Amino acid sequence: MKLSLLASILIPVASAKQRVLNAFGEPSYGVDVSFPVHHITFAQDRPLGDRQKLYDDFMAGCRRHYSDNSQACDVTEEDRVEMSVRQPASMRNYTSTGFKKVQAPAHVFDLLSNYWNTHYDRREQEKWPRGDTYVNHWESPTFMVNVEETSLRGGGQNLKRKIWEGVRPILEEWTGMELEPSSMYGIRQYTEGAILSPHADRNPLITSCIINVAQDLEEDWPLEVYGRDGLAYNVTMKPGDMVLYESHSLIHGRPFPMKGKYFANIFIHFQPTGKILREQNAPVVTSKGENGIPIYILPNSPQAKKWLREHPPQISFRNVKESPAAAESPLSDVAHAAATGDIASMTHFVANQKHMLHMKDSNGWQPIHEAARGGHLDVVQLLVEHGADVNERTHFGDGQSVLELVLDTHGYDHPLFGYLEGIGAEL
Ligand SMILES: *[C@@H]1O[C@H](CO)[C@@H](O)[C@H](O)[C@H]1NC(C)=O
Ligand SMILES: *[C@@H]1O[C@H](CO)[C@@H](O)[C@H](O)[C@H]1NC(C)=O
């Protein structure tokens, strides 16, 4: 041990070129070195050695597991890489570094670790979409002790609210922006050998934190992030540590396979409301862009264009009603009834024209989306009882989810939000 350590100090390694150091003085490297991030291929420069085999094995594992549709694995990879290029570059940031490690508030950590310990035996294996390459779940399954699960004592909206409220001041202080919750996911348990592919979170998961709830590791399992300098940083966490990160623009992952039994954490996400709490060095834009583009998206950026495609301007119902063509269309009637909470008409449709309950308009909106945006719990319930899929998105699958529409228009305090979450709706 001693000798080799000495040797490494005294004998210059032939291949050791002058390396760039990141701001923590660590020898560093950029994207596509530890794992593919901006390309499916690795960079020429290989300070970590040849990682191609690790990646080839990773992909082979996915393709074998989904042998009936192995292409799905490659499609997910292409999407991940495309998003890692497009999205961060289209985002406004609210901090200079993009990440910071702090301690979780003691009361929040206590809540989480009690919940974890109490319900550990009732954890459930996480189901991943077919071909999903975000975690190598085909060889290292992940488990959840779900904070949303109302059948677990203490779980549900109340717990989530306490967690959101507990960490919100810390993230508001860090970013200088007023925040509102956008999502919470966990407590996820990773197991031996797990890899989390580096990625940026989808909108509106903007201002976020991860809390390490529990672990049993042989060595630290670093969260690798790419700072504003484009260089990789390893952030290690002990139970009770909390990493703040701008998850919409900071690429983050765990590309080094986990060594140990498990690692359990929770992801807590917010988005800025637009109200400034503390002036920053650089001026902050707080009004929505043209056509209501969220403030965190740079105008004219690729992400802005994508957002506009997914949120085409809505034709108002008045116009629909007045247009003779639309007046012929029975869909506008059912959509109108759903949007306005006209439960009597909806009941009529259920009894007489059931086939219209789930029809899509030209923007791929269904009555359930209209009812969600209108905030009509009774209509949403009626539609669900008659077979509406709560996880259908607008725009033929590319747009907003039912839950997202409720969150955007009415906030997570609205009864519809709790109801939808309770029946498994996803953001
Ligand atoms: C925000 O951060 C990302 C990732 O570091 C960067 O690509 C992007 O240019 C930044 N946005 C602005 C407006 O500087
Ligand atoms: C991060 O940790 C891995 C695994 O321990 C190591 O190989 C890599 O060099 C580290 N990266 C940085 C930037 O320090």
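1. For the tallies of residue class in this note, Ala, Val, Leu, Ile, Met, Phe, Trp, Tyr, Cys and Pro count as nonpolar, Asp, Glu, Lys and Arg as charged, and the others, Gly among them, as polar. By that scheme, the shell around ligand 2 has 6 nonpolar, 1 polar and 1 charged residues. The model under discussion is a predicted one, and the points below should be read with that in mind.

2. The shell of ligand 2 can be named residue by residue: Glu26, Pro27, Tyr29, Leu48, Pro222, Ala232, Asn234 and Phe256 surround the molecule. Glu26 counts as charged because Glu is placed in that class, whereas Asn234 falls among the polar residues because Asn belongs to none of the nonpolar or charged names. Two of these residues also come up in polar contacts: an N or O atom in the side chain of Tyr29 is 3.0 Å from a nitrogen atom of ligand 2, and a polar side-chain atom of Asn234 lies 2.4 Å from an oxygen atom of ligand 2. Taken on its own, ligand 2 has 360 Å² of accessible area, of which the protein covers 68%.

3. Ligand 1 has its own set of surrounding residues, namely Pro88, Ala89, Met91, Asn93, Arg228, Ser249 and Leu298. By class, this shell has 4 nonpolar, 2 polar and 1 charged residues. A nitrogen atom of ligand 1 is 2.9 Å from a backbone N or O atom of Met91, so that here the contact is made by the main chain, as a backbone atom is the partner. On the oxygen side of the ligand, an N or O atom in the side chain of Asn93 is 2.5 Å from an oxygen atom of ligand 1, and the side chain of Arg228 has an N or O atom 3.2 Å from an oxygen atom of ligand 1. The protein covers 60% of the 360 Å² of accessible area that ligand 1 has on its own.

4. The backbone deserves a separate check. Most residues other than glycine have a negative phi, and most peptide bonds are trans. Against that background, a cis peptide bond joins Gly186 and Ile187, with omega at about 10 degrees, and Ile187 is found in strand S4, which spans residues 177–191. A cis peptide bond also joins Asn203 and Pro204, where omega is about 5 degrees; Pro204 has its place in the loop between strand S5 (196–199) and strand S6 (207–217).

5. Which residues in the loop between H12 and H13 have a positive phi although they are not glycines? His395 has a phi of about 60 degrees and lies in the loop between helix H12 (377–385) and helix H13 (402–410), while Phe396, with a phi of about 55 degrees, is found in that loop between H12 and H13 as well. His395 is partly exposed because its relative accessible area of 22% lies between the limits of 20% and 50%. Phe396 has a relative accessible area of 52%, and is therefore classed as exposed, the cut-off being over 50%.

6. Finally, the interior: how many cavities of 30 Å³ or more does the model contain? The count comes to 1, and about 40 Å³ of space lies in the largest cavity. Its lining is made up of Asp32, Val33, Phe42, Ala43, Asp45, Arg46, Gly49 and Arg51. By class, the lining of the largest cavity has 3 nonpolar, 1 polar and 4 charged residues, and Gly49 is the polar one because Gly is counted among the polar residues.

Conventions: Residues numbered from 1 in each chain as written. Chains lettered and ligands numbered in written order. Predicted model: local features only at pLDDT ≥ 70, side-chain atom pairs only at ≥ 80, totals over all residues. Heavy atoms only, no water. Helix = DSSP H or I, 4+ residues; strand = E, 2+ residues; numbered from the N terminus. Buried < 20%, exposed > 50% of the residue type's maximum accessible area, 1.4 Å probe, protein only. 1 Å grid on protein atoms, 1.4 Å probe; cavity = no way out; pocket = protein on both sides within 12 Å on 5 of 7 lines; lining within 4 Å. Points joined across faces, edges and corners; volume = space filled by probe spheres on them. Near = heavy atom within 4 Å. Polar contact = N/O pair within 3.5 Å; in protein donor to acceptor, adjacent residues only side chain to side chain. Areas by Shrake-Rupley, 256 points an atom, 1.4 Å probe, with all protein chains shown as cover.
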